[in-house]
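Work through these exercises with the structure open beside you. Try each task before you read its solution.

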Amino acid sequence: MQRNGTILPDGRSDCDRWGSLEGPDCQPLVHQAPSPLLVALHGWLLAGRLWAPLAAALAPGRELWAPDLPGFGQRPRPRGLQPNLASYGRWLAAAAQQQANGRPIVLMGHSLGGSVALHAAPLLGEQLVGVIQVAAGGGVYQPRAFAQVRRAGALFLRWRPGWLAELPGSDPLRSPLLAERRAAQGLLACSTGRGAVRQLPQLTARLQVPSLWIAGERDQIMASRYVRHLAGYAPQHEFIELAGAGHLPMGQMPEQLAAPIQQWLSQLPGAGD
């Protein structure tokens, strides 16, 4: 352990002269690990700005990076990037590593973004120190219900009135109205397919880092029981049900969502606190 203190003419510090840490200004120099970058992934038809209220609630102690997934928000889908979970997981892993620039990473996924995070997690190696899942569950295949979701999603994407996005005051609608049709329909079809749904428990069970799973008590899209079910496959997990929260707690109640995240991060090995 290195100690600070005043340097004497003979090259020794006064800490050496005292022979202990009891002298003036003799405190251990603790080299802390850098604080992890929170990489937040939005859900279907949404965009990175979804996370802005939570980013403000976590600031200034935590840095949150919320990219638009390719084909959503302001980010075009690169040629060759297939609209499926595995391809998006590879894209996310590479983008997160570039943004983190060597810092530890905590992945934080919402809904469909949680599935993308699970696909990216094994590609990050030791740089990944934790996973947070918000309203992200599943692992139970429901053929009839998922077929209805795919049909409804396809109809919306086909008939959505894109011109509404140009009207004043339409900001909350812009992401669903302008999302690339192939990216949106491909990811929806992939994520509700039998193989992808049954793969989620396997990916969760292979997590090598602690994970925090947060469900909304009043979530009508991803019921709390499905989040709890998938969380149960994770070796090191904590489950929290957020009282009064719906499917979008990062916008509805960012302070209440930030509180358990802050507490969990403060106890996370390798988080630099």
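**Exercise 1. Describe the sheet: its strand order, its edges and its twist.**

Step 1. Six strands make up an open sheet, ordered 2-1-3-4-5-6, and their pairing is parallel. Strands here are DSSP runs of E with at least two residues, helices are runs of H or I with at least four residues, and both are numbered from the N terminus. Two strands pair if DSSP finds at least two bridges between them.

Step 2. Find the edges. They are strand 2 (63-65) and strand 6 (237-242), each of which pairs on one side only.

Step 3. Add the twist. On average, neighbouring strands of this sheet are turned by 20° against each other, direction ignored.

Step 4. Check one pair. Strand 1 (residues 37-41) pairs with strand 2 in the parallel sense, over three bridges. L37 has E63 in strand 2 as its bridge partner.

A note on the source: this is a predicted model, where local features need pLDDT of at least 70 and side-chain atom pairs count only at pLDDT 80 or more, while totals for chains, interfaces and linings use all residues. Residues are numbered from 1 along each chain as its sequence is written, and side-chain values use heavy atoms, with hydrogens and water left out.

**Exercise 2. Place Q133 and list its contacts.**

Step 1. Q133 sits in strand 4 (residues 128-134).

Step 2. Q133 has a relative accessible area of 0%, so it is buried. Buried means under 20% relative accessible area, exposed over 50%, and partly exposed in between (1.4 Å probe, protein chains only).

Step 3. Leave aside neighbours within four places in sequence. Q133 then contacts G109, G114, A117, L118, L212, W213 and I214. Contact means heavy atoms within 4.5 Å.

**Exercise 3. Work out how helix 3 packs against helix 4.**

Step 1. Two packed helices are described by the angle between their axes and the distance between the axes.

Step 2. The axes of helix 3 (residues 85-100) and helix 4 (residues 112-120) come within 7 Å and cross at roughly 70°. Helix 3 is therefore roughly perpendicular to helix 4. Axes are lines fitted to C-alpha atoms, for helices over the stretch in contact, and angles run from 0 to 180 degrees between N-to-C directions. Under 35 degrees counts as roughly parallel, over 145 as roughly antiparallel, 65 to 115 as roughly perpendicular, and the rest as oblique.

Step 3. L85, A86, Y88, G89, L92 and A93 of helix 3 meet L112, S115, V116, A117, H119 and A120 of helix 4. By class, the residues of this contact are nine nonpolar, three polar and no charged. Ala, Val, Leu, Ile, Met, Phe, Trp, Tyr, Cys and Pro count as nonpolar, Asp, Glu, Lys and Arg as charged, and the others, Gly among them, as polar.

**Exercise 4. Compare with helix 8, then ask: why is helix 4 largely enclosed by the rest of the structure?**

Step 1. Helix 4 and helix 8 (residues 194-205) pack at about 50°, their axes 9 Å apart. The two are therefore oblique to each other.

Step 2. S115, L118 and H119 of helix 4 make this contact with Q199, L200, L203 and T204 of helix 8. The contact of helix 4 with helix 8 has three nonpolar, four polar and no charged residues.

Step 3. Helix 4 is largely enclosed because nine of its nine residues are buried.

**Exercise 5. Locate P104.**

Step 1. P104 lies in the loop between helix 3 and strand 3 (105-110).

Step 2. P104 counts as buried, because its relative accessibility is 13%.

Step 3. P104 and E126 are 22 residues apart in sequence, and their C-alpha atoms are 8.2 Å apart in space.
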